[in-house]
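Colleague: I'd like to learn how to read a model like this one. Can you walk me through it?

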Amino acid sequence: MNHSIYTADSATHLKVVVAGLLAGIAVAATTLTVHLAQPELGLQKAKTLAVYQARPMHALTEMAQR
């Protein structure tokens, strides 16, 4: 095996390409396995926010009733 990228022969190049391909497949397989085993990790939970509108007439009505 050649230790320099400049003098690498075709066998060394093939080994590097195969190692990179196997590493990519391993990362993709791990990602898919985790995603399929726990699908709720990827979902964002919908948050319901209560919106209160200020009603100035409501306050005046309450004061008038007192």
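Modeller: Sure. Keep in mind that this is a predicted model. Start with burial: buried residues make up 2% of the 66 residues in the protein chain.

Colleague: What secondary structure does the protein chain have?

Modeller: You'll find 2 helices and 0 strands.

Colleague: And how much surface does the protein chain expose?

Modeller: About 6,700 Å², with carbon and sulfur atoms supplying 66% of that.

Colleague: Is Thr-12 buried or exposed?

Modeller: The general idea is a cut-off: buried means under 20% relative accessible area, exposed means over 50%. Thr-12 has 7% relative accessibility, so it counts as buried. You'll see Thr-12 in helix 1.

Colleague: Which side chain does Thr-12 contact?

Modeller: That of Asp-9: a polar contact of 2.7 Å joins the two side chains.

Colleague: How about Leu-14, buried or exposed?

Modeller: Use the cut-off again. Leu-14 counts as exposed because its relative accessibility is 54%. Leu-14 also lies in helix 1, which covers residues 10-37.

Colleague: Which residues make the nonpolar surface patch with Leu-14?

Modeller: Val-18, Leu-21, Leu-22 and Ile-25 join Leu-14 there, and the patch is about 490 Å².

Conventions:
Residues numbered from 1 in each chain as written. Predicted model: local features only at pLDDT ≥ 70, side-chain atom pairs only at ≥ 80, totals over all residues. Heavy atoms only, no water. Helix = DSSP H or I, 4+ residues; strand = E, 2+ residues; numbered from the N terminus. Buried < 20%, exposed > 50% of the residue type's maximum accessible area, 1.4 Å probe, protein only. Areas by Shrake-Rupley, 256 points an atom, 1.4 Å probe, with all protein chains shown as cover. Patch = residues over 30% accessible without salt bridge, like charges linked within 9 Å, V, L, I, M, F, W, Y side chains within 5 Å. Salt bridge = Lys/Arg side-chain N within 4 Å of Asp/Glu carboxyl O. Polar contact = N/O pair within 3.5 Å; in protein donor to acceptor, adjacent residues only side chain to side chain.
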